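Trainee: I would like to go through the labels given to some side chains and ask what stands behind each one.

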Amino acid sequence: MSDNLKRAAADRAAELVTDGMRLGLGTGSTAAHFVAAIGERVRAGLKVVGVPTSEATREQAQREGIPLSTLDETPQLDLTVDGADEIDDDLRLIKGGGGALLREKIVASASQRMIVIADGSKHVSKLGRFPLPIEVVPFGLTATESAIVKLLDSLGMSGELLLRHAPDGAAYVTDGGHFILDAHLGRIDKPNVLASTLNNVPGVVEHGLFLGLATGAILATGDRLVELGQL
């Protein structure tokens with residue numbers, strides 16, 4: 001998707017923001033356009049407070065002059081705008097390609113509404129083509145990995161489970177100090193079942209299935225914007 005279309009989706013989402021709102025600020029290339037759009041409006045007089053979902057977003061928001069808070073100070077948010085790696089017709093998502101899934105899910109869960117802004121190619125009929133990120137604690141990594149493989153087998157799912165690496169070749173470390181295992185599943189027929197059972201594996205901190213959180217989506221498709229759900 002061109003930067004112009006990303007910006008158009010972000011600008012449409014920014015139109016939903018009104019004075020006094022408490023905002024969850026997402027992470028990723030499309031969400032960065034939203035943060036920039038809000039920064040422009042703040043400099044023009046908009047009064048909002050933002051809770052960033054990653055250190056990268058925090059740094060950008062500070063550069064943009066957006067007043068920031070934390071979920072401890074502001075535990076209830078009006079709106080979160082974030083990207084997605086996949087989104088289906090039921091507004092179920094896979095997120096975490098950028099590694100911020102834990103904070104993204106906590107912020108989204110604290111929000112009255114979550115609007116996804118994404119490239120139209122992220123809209124799929126069935127989740128799973130994009131590898132599912134699973135955030136895990138470093139301690140006992142091999143045991144946790146084995147338990148996840150056993151769980152996937154019990155659900156009739158198979159695919160490589162790969163430890164994510166940083167550009168320097170070391171294990172990728174999230175803002176929370178955890179590792180990420182990417183599950184290459186191809187398709188996820190029962191995302192609700194997988195989501196609930198993954199949460200029961202000791203060592204799993206969180207996973208990238210975002211179910212029942214998004215209320216609407218703005219997708220940049222071709223040369224136009226397509227809106228799903230309720231904005």
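Mentor: What follows is a set of questions on salt bridges and burial in this predicted model.

Trainee: What makes Arg43 and Glu64 a salt bridge?

Mentor: The closest N to O separation between their side chains is 2.8 Å. The rule asks for a Lys or Arg nitrogen within 4 Å of an Asp or Glu carboxyl oxygen, so the pair qualifies. Arg43 belongs to helix H2 (residues 29-43) and Glu64 to helix H3 (residues 55-64), so the pair links distant parts of the chain, 21 residues apart.

Trainee: Why is Arg43 called exposed?

Mentor: Its relative accessibility is 53%. Exposed means over 50%, so the label applies to Arg43.

Trainee: Is Glu64 buried or exposed, and how do you know?

Mentor: Glu64 has 17% relative accessibility. The cut-off for buried is under 20%, therefore Glu64 counts as buried.

Trainee: How do you know that Lys95 forms a salt bridge with Asp82?

Mentor: Their closest N and O atoms are 3.2 Å apart, and the limit is 4 Å, so the pair counts. Lys95 sits in the loop between strand S5 (93-94) and helix H4 (101-109), while Asp82 is in strand S3 (residues 77-82), so the bridge ties together parts 13 residues apart in sequence.

Trainee: Why are Lys95 and Asp82 called buried?

Mentor: Lys95 is at 3% relative accessibility and Asp82 at 1%. Both values are under 20%, so both residues are buried.

Trainee: What makes Lys126 and Asp189 a salt bridge?

Mentor: The N to O distance is 3.4 Å, which is within 4 Å, so the rule is met. Lys126 lies in the loop between strand S6 (111-119) and strand S7 (132-136), and Asp189 in the loop between strand S9 (179-183) and helix H6 (191-198), so the pair joins parts 63 residues apart in sequence.

Trainee: Why is Lys126 called partly exposed?

Mentor: Its relative accessible area is 32%. Buried ends at 20% and exposed begins over 50%, so Lys126 falls in between. Asp189, at 47%, is partly exposed as well.

Trainee: How many salt bridges does the rule give?

Mentor: The count is 17. Shared partners also join Glu55, Arg58, Arg103 and Asp175 into one network.

Trainee: What makes Arg164 buried?

Mentor: Arg164 has 12% relative accessibility, under the 20% cut-off, so it is buried. Arg164 lies in the loop between strand S8 (161-163) and S9, and the residues it touches include Gly96, Pro133, Tyr172 and Asp182.

Notes. Residues numbered from 1 in each chain as written. Predicted model: local features only at pLDDT ≥ 70, side-chain atom pairs only at ≥ 80, totals over all residues. Heavy atoms only, no water. Helix = DSSP H or I, 4+ residues; strand = E, 2+ residues; numbered from the N terminus. Buried < 20%, exposed > 50% of the residue type's maximum accessible area, 1.4 Å probe, protein only. Contact = heavy atoms within 4.5 Å. Lists of a residue's contacts leave out its neighbours within four places in sequence.
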